[in-house]
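Please explain how the aromatic pairs and nonpolar cores of this protein are arranged. Take the buried tyrosines as the starting point and go on from there to the wider packing.

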Amino acid sequence: MSTETKANASGGGIRVRIQQLGRLLSGMVMPNIGAFIAWGLITALFIPTGWFPNETLGKLVGPMISYLLPLLIGYTGGQMVHDKRGAVIGAVATVGVIVGSDIPMFLGAMIVGPLAAWVLKQFDKLIDGKIKSGFEMLVNNFSLGIIGGVLTLIAYTGIGPLIQGVTKALSAGVDVLVNANLLPLVNIIIEPAKILFLNNAINHGILSPIATEESARIGQSVLYMLESNPGPGLGILLAYWLVGRGSAKASAPGAVVIHFLGGIHEIYFPYILMKPVLILAAIAGGVVGTFTFQLFGAGLVGPASPGSIFAYFAMAPKGGLLAVLSGVITATIASFLVAAVLLKTGKKGEEEPNLEEASAKMKAMKTGGMNDQVAPAAAAVANADKANINKIVFACDAGMGSSAMGASVLRKKLQQAGVNITVVNSAVSEIPDDADIVITQKTLTERAIAKNPNAEHISIDNFLKSPRYDELVERLKD
């Protein structure tokens, strides 16, 4: 293996491990985002400073953030590790950190839930096949009860107070950045990390738990908007639309709608990857937007998920909508101006790359040896005939945004061609075993192969528009 190949493999391995950790964190929050939004709406409506203050209905706010949301996180985290038994013991142990602290225990739930499930999983492995017939239910119920009870006591007396201290330290660090007007500098890290498909990990795994605790204290949080601000991506897409060339210019208007109104930010990542210097435009937009949010005291009462302008409208506090919109607008203007200059000042004679050629600009992100269409691990099943294809799975990091969009596009193409094959979407960590073809963006293909090595894996750059769709439809139709 050459030095360059080793470096690429090493870099890809590190990126994959970071994505896996991020997926673990965000995977505990994202399935429960609806509950966070419900809490945010109730908070925005009924707290004393809300749209319709109501003392009776406002009593829902405290129990939801203190008990419901952490328990859902602990339950989901446990389920990710050890299915239903893990989910139950994760929720049981999470009660310990909830009662053992006086702040919303999101971070504690993200640690204790999976940890408790892992302990139970090791016990179940230890006794597997050693239980006498007829005693299975007795052993299963009492083992979960006893281990869960012990872990709850440990969480209450030790882990809860420890995590409370860590959470307060993190919140204090955020306050320092806010008071020193340094919070916009965080976008220098956030924007490049988003392009590496760590957006869900950053937003839902790190920022949202801290933001929710802050929102409970002061009624809103600017942290909800650091990653979800649609302004930076909107500015870049508008620049492609107005001053770009080729297929990128033609597809930009549709991407604007999906990004800004639909809230699927992954749609603009390929536009940056085809011309990486545009990351400067994203950073400029993020920094300017966050600075504007701070300047006008903007914040949201709950998570804006997906990052749609409609979600911003819904989560804006009473009297705070204009402050919120100001940050989105200035971020859009800043990223547009920088992107437009960068697009117009490229090398003379330089041909504008199209979306599918973006892979040539992704060497540091690609896994070693992968070609543009089919991953090597799937070579044995590549180009399988239609008779062997029953299910096609689109996979993205969270399984809710770009993969759903891609599945919808291909499903429509197959229907128009008269091909009756099931097309679904899922998170890359939850690809079903019966998937015959798995379609992912290039940066996630290595993880997809590890999850289901027996399927054919197709890598693409843009879920909205890819020539791979038409090639696949023709193959299956024939």
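Tyr240 counts as buried because its relative accessibility is 0%, buried meaning under 20% relative accessible area, exposed over 50% and partly exposed in between, with a 1.4 Å probe and protein chains only. Tyr271 is likewise buried, at 0% relative accessibility. This is a predicted model, in which local features need pLDDT of at least 70 and side-chain atom pairs count only at pLDDT 80 or more, while totals for chains, interfaces and linings use all residues. Residues are numbered from 1 along each chain as its sequence is written, and side-chain values use heavy atoms, with hydrogens and water left out.

The structure holds four aromatic pairs, where rings of Phe, Tyr and Trp (its six-membered ring) pair if their centres lie within 6.5 Å, and planes under 30 degrees apart count as stacked, over 60 as edge-to-face and the rest as tilted. One of them joins Tyr240 and Tyr271 edge-to-face, at 5.3 Å centre to centre and 65° between the planes. Tyr268 and Phe269 form another edge-to-face pair, with 5.1 Å between centres and 80° between the planes, and both of these residues are buried.

The largest nonpolar core, a set of buried Ala, Val, Leu, Ile, Met, Phe, Trp, Tyr and Cys residues joined through side-chain atoms within 4.5 Å, has 45 residues, of which Ile73, Leu223, Met225, Leu300 and Tyr312 touch the most other members. Because domain 1 (14-204) and domain 2 (216-367) both give residues to this core, it lies between them; the domain bounds come from an automatic or database domain assignment. Apart from it lies another core of 29 residues, including Val256, Tyr271, Ile272 and Ala339.
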